[in-house]
Structure formats: structure tokens, C-alpha cells
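User: Please take a close look at one residue of this structure and report on its surroundings in some detail. Then set that part against other local features and the chains as a whole.

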Amino acid sequence: MAEQGALVTYRFNGASFENANFVSVPTRPTGHFSAEQLNQAFYLADPMQTCCVENEITDEYQRIAEHARALLVERFALYDAIEQALIAAFDEDWVEPKHVIAVLEKLASS
Amino acid sequence: MYDIVGDIHGYADELELLLAKLGYQKKNSIWQHSERTLISVGDLIDRGPQQKRAVDIIRAMTANGFAKTIMGNHEFNAVAYYVRDKNGEPLRAHTVKNRQQHLAFLNEAEAIPTWYHEAISWFKQLPVLLDLPELRVVHACWHPTSVEVLKDYCTDNFTLKPSYFKQANDSAHPLYHALEVLMKGWELSLPEGVSFNDKDGHKRDKIRTRWWLEQDGNYQDLAIGVPDVSILPNERVPSSQMPGYDNAKPLFIGHYWLHESAEAVSAHIACVD
Ligand SMILES: [Mn+2]
């Protein structure tokens, strides 16, 4: 897996195999995802519903992305880095797993 | 229905990215999906940077019914490295080579002894295979004869009974050979007098195989991990020397680092590693 550079899943729905049902995520070196990539994912996901996409405010989450990047450098897990950066910027009570997952989803398809 | 995930090998960030991509949510700290169940083909550990996190994610999902997990050769080895026989000797010797292969895991586990103990207890009770109504899952090779051998030493759900871990690590015992096939794959002896040097320069007279190939292959087609297959005989391997597959159900395996992109390796077998 690691050597091949991807973590692979097959989405099984009972029918015969289809190549489209293989879903994979490339494995990355430690400290992956730049602040720019994180910013892009936060912006596209807009987890806190700031309407930044409609208004094209591409730096809406820039500080949060930079914070998440700093946490990654400190060896936080990706999920925790995104969650902590959101909590630091918003209220802890407002940050839910679905907000973090929305950002992960954008990163996974970037 | 099921999402079958390949060898995770301590890459927890990638696992969480994958779960997000597949539409899983996280509730009460546990990744889950309302309509789908994750299946891990084993090899959660070794190599990658986030050993504990990878285990914790899958273990919590499994304990709460959101995932099913089978044992890979790396979990099996982890148990053998940890468990000692009545003389105090580890079932898997603590040689430099064995420690090196297991180091990423040991570095995290040895720092948290209670977690290490719990993780090993969990690994011990992972089934070696799944035979579900819709599909089958085994880490490397589905071989009915080896499955029959295994049945004598495991519970109804193909979990090894704890008292047999010693035999499972004894190369003179049939259980050892059954587990080798199921968790590490089918090896084929080369014809008399034929051998090759592997990438480490060791002389070998057996090859790892693409055991799933449906048409009768020759040695060159079947070989995995032979640097130059042209030195192998270009002759047909008798089907009696290969496990075959009955195609009764789709089968999912991991383990093999195939260089092709992820795809079904036969009409009824998919490799997700
Ligand atoms: Mn393996």
C-alpha cells in the first residue's frame, strides 16, 4: 500500500466488479498539505457557512488554514489539526465533526 | 452494503480522508455510515506514521458494528512478537530483522503499555477470514484446504483459539502452513534445479504467485517479486499445483503490492492493496 502510494477501497454493491467502484486516496509524506492546499479546501467546504464561495472571498479561512498547517508541522493528525484550528477561530460548541469532514472531503478530492 | 479497504499500514490521515470521501460521518467519536459497513482486509499496522490512531479508528468502528476487520500477517506477527510461551520465549523471536519490520508500531505501542496490551488482545480475536452471504474476504489467498485445516483450531467465526498461537508459529505444524497460505499467499515450487536470486540476493527455489489468474499460467505469468522473470521456465504450471478459486462469491484480498492501478484481478477476485 505505502509503496504503491495509495490507500484503496472497493465500494461493493452486490453487482460484478466495476473499476469506477475503486476509490483511493494517495499516501503522502509526513507533513503533507501546504497552507495553500488547506486554504483551498476550507474555502471550498466553507464549513462555517460564511458564503465565501458565492462572494469569492478566497482568503476567508486563510488564518485558520495557516493555523492548521502549523499544527500539522507539530505532528497533529490531519483531522485534529483541522478541528483545533476551527475551534480556535470559532466557538468550540459550533465546531462539529461534519465541519471537519467537509474539509477532509475537499482535501481528498483535491 | 460494504466498503472494503486495503492494507492501512499506519496511515491514519489517509484513512480518515478516505472515510470522508466515502461519505462516512463521525458520531460520538466513532466513524460510521448509516447504510454501509467498512471491511478491513487486515494489516492496519507497521510502516506508517500513525499506528495507534489507525488501530483506534478501526477498532472503535469494529466494536460498534460499523466495521468488520480480519487479521493480516502484520497483526498475526504482532501477536507472536508480544506473546510468550511457558518458558518466557516470545513466539516470534526478537531479532534485529523482526524488530525492524515492526518498529513503527513498537515505537508507539511500547510508550503506552496498557494500550499495547489491549491492541494485542484485540488482534488476537480478529477472524482470519470472512465468509459472508455476499462475499468473502481473506488477507492473501483463499485456499479451501487451508480453510479446512484452520477450522480445527478456530471458533465458528474463524478466530484462532488463543491456545493455538504457539502451534500457529511452529513451522512443523499444519496450522502454520494453513495460515501462511491464507495470510501471505500461495507459493509455488520451481521445477527441479531452477532458482533465482531475490532483490536481497537470497537464492530462492519458490515463487510468490498471482494465484488468482484464471487461465493456466506459466511460471513467468504467475511470478511476483522475481526481478527478471525471463530466467523462469516458460512452461505451463499444472493447475493441480495452484489453489484455483471456485468463483462461488466475490473475493476481496489485500497484501499484494501490485503495480497495476487498483482493479479487479479476475472476474471474481479484487485486490484492494
Ligand atoms: Mn500483508
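Analyst: Leaving aside residues up to four places away in sequence, Thr37(B) touches Met1(B), Tyr2(B), Asp3(B), Tyr24(B), Phe66(B), Ala67(B) and Lys68(B). These contacts, like everything that follows, are computed from a predicted model. Thr37(B) belongs to strand E4 of chain B, which covers residues 37–40. Is Thr37(B) buried or exposed? Its relative accessible area is 18%, and the limit for a buried residue is under 20%, so Thr37(B) counts as buried. The residues it touches include Met1(B), Tyr2(B) and Asp3(B), as well as Phe66(B), Ala67(B) and Lys68(B).

A contrasting case is the loop between strands E2 (25–27) and E3 (30–32) of chain B, where Asn28(B) is found. Ser29(B) lies in that loop between E2 and E3 of chain B as well. Asn28(B) is exposed, with a relative accessibility of 74%, and Ser29(B) is likewise exposed, at 64%. The backbone of this loop also deserves attention. Most residues other than glycine have a negative phi. Asn28(B), although not a glycine, has a positive phi of about 50°. Ser29(B) is not a glycine either, and its phi is positive at about 70°.

A positive phi also occurs after helix H9 of chain B: the helix is followed by Gly185(B), with a phi near 105°. Helix H9(B) itself spans residues 174–184, and its buried residues are Leu175(B), Ala178(B), Leu179(B), Val181(B), Leu182(B) and Met183(B). Against what do the buried residues of H9(B) pack? Their partners in chain B are helix H3 (73–82), strand E7 (136–138), helix H7 (144–151) and helix H8 (165–168).

Further along chain B comes a sheet that can be followed strand by strand. It is an open sheet of 3 strands in the order E8-E11-E12, with antiparallel pairing. E8 and E12 of chain B form the edges and have a single partner strand each, so one side of each is left without a neighbour in the sheet. In general, the strands of a sheet pair through backbone hydrogen bonds, in either a parallel or an antiparallel sense. Strand E8 (residues 187–189) and E11(B) are joined by 3 bridges and run antiparallel. On the other side, E11(B) pairs with strand E12 (residues 223–224) over 2 bridges, again in the antiparallel sense.

Individual residues show how these strands are aligned. Arg208(B) in E11(B) is the bridge partner of Glu187(B). Arg208(B) also has a bridge partner in E12(B), namely Ile224(B). Thr209(B), for its part, stands opposite Ala223(B) of E12(B). Within E11 (residues 206–209) the side chains alternate. Ile207(B) and Thr209(B) point to one face and are buried, whereas Lys206(B) and Arg208(B) point to the other face and are not buried.

At the level of the whole chain, chain B contains 10 helices and 14 strands. Its radius of gyration is 19 Å, close to the 19 Å that the globule rule gives for 273 residues, so chain B is as compact as a globular protein of that length. The C-alpha atoms occupy a box of roughly 60 × 45 × 35 Å along the principal axes. Of the 273 residues of chain B, 54% count as buried. Of the contacts in chain B between residues at least 6 apart in sequence, 64% link residues at least 24 apart. The exposed area of chain B is about 12200 Å², of which carbon and sulfur atoms supply 47%. Chain B carries 28 positive and 36 negative charges, and their mean positions are 5 Å apart.

Chain A may be described in the corresponding terms. It has 4 helices and 2 strands, arranged from the N terminus as β-β-α-α-α-α. A box of roughly 45 × 30 × 25 Å along the principal axes holds the C-alpha atoms of chain A. Of its 110 residues, 45% count as buried. In chain A, 41% of the contacts between residues at least 6 apart in sequence join residues at least 24 apart. About 5600 Å² of chain A is exposed, with 44% supplied by carbon and sulfur atoms. Its side chains include 7 positive and 17 negative ones, and the centres of the two sets lie 6 Å apart.

Conventions: Residues numbered from 1 in each chain as written. Chains lettered and ligands numbered in written order. Predicted model: local features only at pLDDT ≥ 70, side-chain atom pairs only at ≥ 80, totals over all residues. Heavy atoms only, no water. Rg over C-alpha atoms; globule rule 2.2 N^0.38 Å. Buried < 20%, exposed > 50% of the residue type's maximum accessible area, 1.4 Å probe, protein only. Contact = heavy atoms within 4.5 Å. Areas by Shrake-Rupley, 256 points an atom, 1.4 Å probe, with all protein chains shown as cover. Lys, Arg positive; Asp, Glu negative; His and termini not counted. Charge placed at Lys NZ, Arg CZ, Asp CG, Glu CD. Pairing = 2+ DSSP bridges.
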